[in-house]
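Me: Please take a close look at a single part here, the parallel sheet with the later helices, and then place it beside the other sheets. I would like one connected account, with each term given its cut-offs where it comes up.

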Amino acid sequence: FINNVVIMETLIKNVNILNPNEEIQTSCNVLIEDKHIKQISRKKVSTKNNVKIIDGQDNYLMPGFIDCHAHIMANGFHKEENMANPLALHFYNAIKHGKQTVDAGVTTIKDCGPADIGVKIAQKKGLFIAPKMEISVTPLVSTGGHFDLFLPSGFDMEIVYPGFPKGRCDGPLEVLKKTREIKRAGADFIKVMASGGVLTTNTSPDYPQFNVEELKTIVEEAHVNDLKVSAHCHSLKGINNCVDAGFDSIEHGTFIDKKTSHKMAENNVKLVPTMLVHDFLYHSGFPAWDNYAAEKTAKLKEIVKVHKENISVAYEEGVDLLMGTDSGVIAHGHNLEELIHLTDTGMSNDEAIASGTINAAEFIGKKDSLGSVSENKIADLILVNGNPLDDVSILADNDNILKVIQNGCLVKNI
């Protein structure tokens, strides 16, 4: 007891500790005290009488992964469901999706919309099992651009409710006000739709959205408030606009080229390529009732053809890649399959793992507390059946994620 507060201890015995960029530490014991890693030792560790003991059985203990592009509340972003479903269902989706994501070995996400501050608070209070969340609330979208859900019928399919701002805005004054509104709603970072996309009709991934003046206005206001800015962007011109405006990350980056990759690397702009989502959608298709399926599939065909090759160029030019999946556009729980796609671009297994752990933790400002199995860091950990440095695809099979620990608590146990 400290000041009449019970200190809970968990001892994980007989594990091999795998941190990216480090030698594997074999035959270790890890003592967790409350939510922090207290001690790592190859020797016997002194514990309290009520310690909970987990036998690691010579498996591999790793940091929990950070998915830098997810949508925990989304279930495909079908406008028809926005129209038909009651608002409450929109939130209850997060319960199922949260557990699926944790079971896949992801303990933190950057949610790129539409998780709001209430969902983040509920997870933090332990009301449901889900990854910790850095939230953007809702993205900034231009009129007629990607995720402007105003239909030709005159109906607007954007979900709104008290406390949740609409994302549509145009011109420097409107984007300034909208950035402030989203910050007021509790955003940890700002998400901007800076090009067309696959899921929205009458937009093309080739075309940029928002002009440079608008983009610079968003960045200046966000950075004044210590918020990073991320761009959904496929378009080459759009990527260049965002780099020139001072964005912190580009999400997707489909049509990036060598020259732009060099510029991104020089300006320390991160790239979250989300290769899994396009490959998954292209091979799985869209629901039979989706009236826009043919248009979406045609756009996907163009993207899949060049995406991985272009990301390989970015990697070779020194752009820092971060793991992100766009889960929510596709089914949740497939997150670590993205690591296979990252290694296909030329990354080593170690580099791919780092992109979803220590490097991701640094990007979200949590390197001191997350991203590695280290003393004094928060115990967000996964126990893996096999060594992913030998075969990273081990991590893509959720059955190989034997245990997940979040804040020192066991939240998955096979």
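Reply: Two strands count as paired if DSSP finds at least two bridges between them, and the elements themselves are DSSP runs numbered from the N terminus, helices being H or I over at least four residues and strands E over at least two. The model is predicted, so that local features need pLDDT of at least 70 and side-chain atom pairs count only at pLDDT 80 or more, while totals for chains, interfaces and linings use all residues. Residues are numbered from 1 along each chain as its sequence is written, and side-chain values use heavy atoms, with hydrogens and water left out.

The sheet in question is open and has 4 strands in the order β9-β10-β11-β12, with parallel pairing. Its edges are β9 (189-193) and β12 (270-272), each of which has a single partner strand, so one side of each lacks a neighbour in the sheet. From one strand to the next the twist averages 25°. The pairing of β9 with β10 (residues 228-233) is parallel and rests on 5 bridges, and within it M193 has H232 of β10 as its bridge partner.

The helix packing can be followed from α4 to α7. Helix α4 (residues 171-184) packs on α5 at an angle of about 30°, their axes lying 9 Å apart; such axes are lines fitted to C-alpha atoms, for helices over the stretch in contact, and angles run from 0 to 180 degrees between N-to-C directions. That angle makes α4 roughly parallel to α5, since angles under 35 degrees count as roughly parallel, over 145 as roughly antiparallel, 65 to 115 as roughly perpendicular and the rest as oblique. The crossing of α4 and α5 is right-handed, the near helix being turned clockwise from the far one by less than a right angle, whereas an anticlockwise turn is called left-handed. Across this contact (heavy atoms within 4.5 Å), G171, P172, V175, L176, T179 and R180 of α4 meet E213, E214, T217, I218, E221 and A222 of α5. These residues comprise 5 nonpolar, 3 polar and 4 charged, where Ala, Val, Leu, Ile, Met, Phe, Trp, Tyr, Cys and Pro count as nonpolar, Asp, Glu, Lys and Arg as charged, and the others, Gly among them, as polar.

Helix α5 (residues 212-224) also packs against helix α6 (residues 236-245), at an angle of about 45° and with the axes 9 Å apart, and the two helices are therefore oblique to each other. This crossing, too, is right-handed, and the residues that make the contact are V212, L215, K216 and V219 from α5 with N241, C242, D244 and A245 from α6. By class, they are 5 nonpolar, 1 polar and 2 charged residues.

Helix α6 in turn packs on α7 (residues 258-266) at an angle of about 20°, with their axes 10 Å apart, which makes α6 roughly parallel to α7. Here the crossing is left-handed. L236, I239, N240, V243 and D244 in α6 meet T260, K263 and M264 in α7, a contact that divides into 4 nonpolar, 2 polar and 2 charged residues. D244 thus appears in the contact of α6 with α5 and again in that of α6 with α7.

As for the other sheets, 3 strands form an open one in the order β6-β7-β8, again with parallel pairing. β6 (65-70) and β8 (132-135) stand at its edges with a single partner strand each, so one side of each is left without a neighbour in the sheet, and the twist averages 20° from one strand to the next. Strand β7 (residues 106-111) is joined to β8 by 4 bridges, and I109 stands opposite M133 in β8. In the loop between β7 and α3 (117-124) lies P114, and the peptide bond leading to P114 from G113 is cis, with omega near 5°.

Elsewhere, strand β5 (residues 60-63) pairs with β1 (residues 9-17) in the parallel sense over 2 bridges, I17 standing opposite L61. With strand β13 (residues 381-384), by contrast, β5 runs antiparallel and is joined by 4 bridges, and P63 there stands opposite L381.
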